[in-house]
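I set aside some time to look through this one and kept notes as I went. Here they are, in the order I looked things up.

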Amino acid sequence: MGGDETRWLEPDELETWLSYVAATTLLEGALDRQLQRDAGMPHAYYQILAMLSESPDRSLRMSELAAITQSSQSRLSHAVARLECKGWVRRKPCPEDRRSTFAQLTEEGFAALAAAAPGHVRTVRRHLFDRLTPEQVGQLREITRAVLSGLGVPGGDPRDVLPG
């Protein structure tokens, strides 16, 4: 192991880490339950529809969509197949590269996203932003940008990861 000593978390770092993990896990669960209950879709499907809605022509290469949503190609392919069955997404071959396929949001998919968005935003507000002061919102933005930067996102700008 090269003699490197493990830098264990200090007590305040450990408490912060555990709070972060618990908060993000519970928030993701709350978002998923709300979307399942009110819109009949998991949060992962909502994210796919949202990412497509923000892209030019409401379409992305499947490989780009997998990267943006942090999904494996096979998991994304399964999700897109389910969304195709609902009529919310269609696959289109890429004219420049026959090995690539685009996922495109349909009008029905955009309507489903538009119908789901108000409840989703209410849930995000209730569980996150309504609990923070404007100063804390700014601090959270700076913290998440620092983390994104450490993960290789230039300047920590989420727009370099997400479309739109």
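**Entry 1: the overall fold.** I began by counting elements, and the protein chain has 6 helices and 3 strands. I kept in mind that this is a predicted model. Reading along the sequence, I get the pattern α-α-β-α-α-β-β-α-α. For the dimensions, I looked up the principal axes: the C-alpha trace spans about 50 × 45 × 25 Å along them. Burial came next, and 29% of the 164 residues count as buried.

**Entry 2: the annotated domain.** I checked UniProt, where an unreviewed entry lists residues 11–149 for "domain: HTH marR-type". Over residues 11–149, the chain is 71% helix and 9% strand. The C-alpha atoms at the two ends of that stretch are 25 Å apart.

**Entry 3: the largest pocket.** What volume does the largest pocket have? I noted about 2,400 Å³. Its lining comes to 42 residues, and I wrote down the ones that lie nearest the centre: Leu27, Gln47, Leu128, Thr144 and Leu162. Then I asked which elements give two or more residues to this lining. They are helix 1 (11–39), helix 2 (43–53), helix 3 (62–69), helix 5 (107–127) and helix 6 (134–150). Helix 6 gives the most, with 10 residues. Sorted by class, the lining of the largest pocket has 25 nonpolar, 12 polar and 5 charged residues.

**Entry 4: the second largest pocket.** Here the volume is about 160 Å³. I went through the lining and found Ala44, Tyr45, Gln47, Ile48, Thr69, Gln70, Ser71, Ser72, Arg75, Leu76 and Ala79. Gln47 caught my eye, as it is listed here and also among the residues nearest the centre of the largest pocket. Helix 2 and helix 4 (73–85) each supply at least two residues of this lining, and helix 2 has the largest share, with 4 residues. By class, I have 5 nonpolar, 5 polar and 1 charged residues for the second largest pocket.

**Entry 5: helix 4.** Since helix 4 had just come up, I looked at its geometry. It has 13 residues and reaches 18 Å from its first C-alpha to its last, close to the 18 Å expected at 1.5 Å a residue. Which residues of helix 4 are buried? I found Leu76, Ala79, Val80 and Leu83. These four are on the same side of helix 4, because they cover an arc of only 100° around the axis. The general rule helps here: an α-helix has 3.6 residues a turn, so residues three or four places apart point the same way. On the other side of helix 4, Ser74 and Cys85 are exposed. I also went back to the second pocket's list, where Leu76 and Ala79 both appear.

**Entry 6: two backbone angles.** Last, I looked for positive phi values outside glycine. Asp57 has one, at about 60°, and Arg58 has one too, at about 50°. Where is Asp57 found? It is in the loop between helix 2 and strand 1 (59–61), and Arg58 has its place in the loop between helix 2 and strand 1 as well. Then I asked whether each is buried or exposed. Asp57 is exposed, with a relative accessible area of 65%, while Arg58 is partly exposed, with a relative accessible area of 23%.

Notes
Residues are numbered from 1 along each chain as its sequence is written. This is a predicted model: local features need pLDDT of at least 70, side-chain atom pairs count only at pLDDT 80 or more; totals for chains, interfaces and linings use all residues. Side-chain values use heavy atoms; hydrogens and water are left out. On a 1 Å grid over the protein atoms alone, a cavity is a set of points where a 1.4 Å probe fits but cannot get out, and a pocket is an open set with protein on both sides within 12 Å along at least five of seven lines; lining residues have an atom within 4 Å of a point. Grid points are joined across faces, edges and corners, and a volume is the space filled by probe spheres set on the points. Ala, Val, Leu, Ile, Met, Phe, Trp, Tyr, Cys and Pro count as nonpolar, Asp, Glu, Lys and Arg as charged, and the others, Gly among them, as polar. UniProt positions are given in the numbering used here, feature names are shortened, and annotations may be inferred rather than shown by experiment. The expected span of a helix is 1.5 Å times one less than its number of residues. Buried means under 20% relative accessible area, exposed over 50%, partly exposed in between (1.4 Å probe, protein chains only). The arc is that of the directions from the helix axis to the C-beta atoms.
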